[in-house]
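The following note is offered to a colleague who is about to examine this structure. The points are numbered so that each may be read beside the coordinates.

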Amino acid sequence: MQTEDYLLFDDFKSWKKYCEKHNKLLFEPVLDYEIHQKGTKETAIWEGIATAYQVMCEAVDTGLNEEMTSRSGMINNGAKKVYRYPKAVLSAEFQRLIARALAAKEVNSCMGRVVAAPTAGASGILPGTLYTLQELHDIPNQKIYEGMLVGAGIALIIERNASIAGAVGGCQAETGTAAAMASGAIVYCLGGDINQVFGAVAITIQCMLGLVCDPVAGLVEIPCVVRNASAAAIAYSSAQISLASVDSVIPVDECIMAMGEIGQAMEARYKETALGGLAATPTGQAISRRVLIHDIEMLDDEPEQ
Amino acid sequence: MAERSSVFDMIGPVMIGPSSSHTAGVVRIARAAIRVFGSIPDEVDITFYNSFARTYEGHGSDKAILAGLLDFKTDDKRIKDAFEHAKQQGLTYKFRSVGNAAIYHPNTIKLNMRKGAHEVEVIGVSKGGGLILIEEVNGFAANFTSSLHTLIIFAKDQPGSIAFISDIIAHEDGNIATMSVTRKGKSGQACLVLEIDTGIRMLTKDYIESLSWVDQVIYIPDIDM
């Protein structure tokens, strides 16, 4: 479905066609969508995006500088340890990327301020990747904001054709979508064309497919925090592959369909219920017993009233 | 077809972690509750039901509810230190966990707020994504989301009252999105809850309150402002 005036972000194919037909950059129809659908003024959209980026960068800095221990104790200043570790396994840049994605997500786990992008559980991925991208390539803020709008367009399509919620589609829906947003934004900011941007999304989704949501004790901590780091790494590996125009073979819209199909087939215990996977391991269960409240008055089975 | 999402649903909201249903939604339940109460209470009993009963500490929902009772917004960094702020501001509180409450949604909270002789009970549900539903006010079914402007009217149960009130709102150019009316017991008191797309003037609120058959009017504009 498409109106004459603006694009509704039903799929990637129509986004590409629209941009080619009207000779527009990828972020422009996203801007038009928000203006027409939500009645938001263009200046307010740019301000909102700028605020979001500012909060993301603050989350990275907070996670790297302030005390970050969660109530359960499972999260304990991991980002700082990674950031300061003397040996870089790959490069100093990679070390900083991983530390920053961890940092922003740790802030989320420790009741700090973050941007849900697309969700709170995936709130370390865009901060880690974009912060590092800007530092490495000296990209102006405006270009980063455009990349974020491209990311928002990517998420709108995924939400429509698969899901962005762990309770509906598993972890692939949350961290997978965030990684796809980040990868597309990276390629866009580095001057990639539409095929390269969408190729990066397709490859990222291919790498993230099938990931289940199995949080220990139901808390947004283990494995959520480390998965934000790995998703950030995958966003970069996919961007590197696609920028060289290596074909994803399966078109991006079909990758999203596969993600939706897998999400639907996934059993409920792998969808944020803390009943399967890591949550169901002996250690996961022991942590759950320790963290959850047991001093509960249980009502009789007959409803009161 | 469901309404399409905003760019700022994909990149946003700016919020305090860890989760929209355990933090933002809980803060909003309390923000709605203190507006029903009329001010920040001196004393509050907080009951977490069902799923919340087990998980509220791990997710920091206890801090979130106190922060909301202190009128902090959902993106306020002070939420993390809500216990200290409650102490400073003299808000005393008690937590209670109740499981297997089949009549309630998994993520339900009951607040019993007190200040002197003034007492109000509010029951709210955190529905996910920061969305809430205030189910009950003082035992009356309320069922408002606080996403719009809410008008709660406690009045004597008499014929024509609903038509009269909706006529007044129409003259304010207010579009009523939802309306619920409940009667309680044999007291003859009714509770009328209206959700309106646009705000109303204080003059209108005062007029309704001045009517002989109206006992109390509570007006709750956008709770996120």
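1. A salt bridge is counted where a side-chain nitrogen of Lys or Arg lies within 4 Å of a carboxyl oxygen of Asp or Glu. The structure is a predicted model. In it, B:Asp62 and A:Arg71 form such a salt bridge, with their closest N and O atoms 2.5 Å apart. The count between chain B and chain A is 3 salt bridges.

2. The interface as a whole may be described next. Chain A contributes 55 residues that are in contact with 42 residues of chain B. The size of an interface is often given as the accessible area lost when the parts come together. Between chain B and chain A, the buried area is about 4200 Å², and carbon and sulfur atoms give 59% of that area. Of the area that chain B buries against chain A, 20% is supplied by B:Arg4, B:Met10 and B:Ile11, more than by any other three residues.

3. The two chains are also linked through a sheet. This open sheet has 7 strands in the order β2(A)-β3(B)-β2(B)-β4(B)-β5(B)-β6(B)-β7(B), with mixed pairing. At its edges stand β2 (297-298) of chain A and β7 (140-144) of chain B; each has a single partner strand, so one side of each is left without a neighbour in the sheet. The strands β2(A) and β3 (residues 92-99) of chain B run parallel and are joined by 2 bridges. Here A:Glu297 stands opposite B:Val98 in β3(B).

4. Two helices of chain B pack on this sheet. Helix α2(B) touches β4 (108-115), β5 (118-128), β6 (131-137) and β7 of chain B, and its direction makes about 150° with that of β5(B). Helix α4 (residues 61-69) of chain B touches β2 (43-49), β3 and β4 of chain B, at about 140° to the direction of β2(B).

5. Strand β4(B) deserves separate attention. Of its 8 residues, 7 are buried, so β4(B) is largely enclosed by the rest of the structure. It runs antiparallel to β2(B), to which 6 bridges join it; B:Thr47 has B:Lys110 in β4(B) as its bridge partner. With β5(B), β4(B) shares 8 bridges, again in antiparallel pairing, and B:Arg114 has B:Glu119 as its bridge partner there. The hairpin of these two strands has 2 residues between them, and B:Gly116 takes a positive phi near 60°.

6. Chain B holds a further open sheet, of 4 strands in the order β9-β10-β8-β11, with antiparallel pairing. Its edges are β9 (176-184) and β11 (214-220), each with a single partner strand, so one side of each is left without a neighbour in the sheet. From one strand to the next the twist averages 10°. Strand β8 (residues 149-156) of chain B is joined to β11(B) by 6 bridges, and B:Ile152 has B:Ile218 as its bridge partner.

7. Helix α2 (residues 20-37) of chain B lies across β8 and β11 of chain B, at about 145° to β11(B). Helix α6 (residues 161-171) of chain B lies across β8, β9 and β10 (189-196) of chain B, at about 155° to β9(B).

8. Which residues touch the most other members of the largest nonpolar core? Among its 75 residues, they are A:Phe12, A:Trp15, A:Leu26, A:Met148 and A:Leu149. Apart from this core lies another, of 48 residues, including B:Val26, B:Val27, B:Ala33 and B:Cys191.

Conventions: Residues are numbered from 1 along each chain as its sequence is written. Chains are lettered from A and ligands numbered from 1 in the order in which they are written. This is a predicted model: local features need pLDDT of at least 70, side-chain atom pairs count only at pLDDT 80 or more; totals for chains, interfaces and linings use all residues. Side-chain values use heavy atoms; hydrogens and water are left out. A nonpolar core is a set of buried Ala, Val, Leu, Ile, Met, Phe, Trp, Tyr and Cys residues joined through side-chain atoms within 4.5 Å. Buried means under 20% relative accessible area, exposed over 50%, partly exposed in between (1.4 Å probe, protein chains only). Two strands pair if DSSP finds at least two bridges between them. Axes are lines fitted to C-alpha atoms, for helices over the stretch in contact, and angles run from 0 to 180 degrees between N-to-C directions. Contact means heavy atoms within 4.5 Å. Buried area is the accessible area (1.4 Å probe) that two parts lose on being put together, summed over both.
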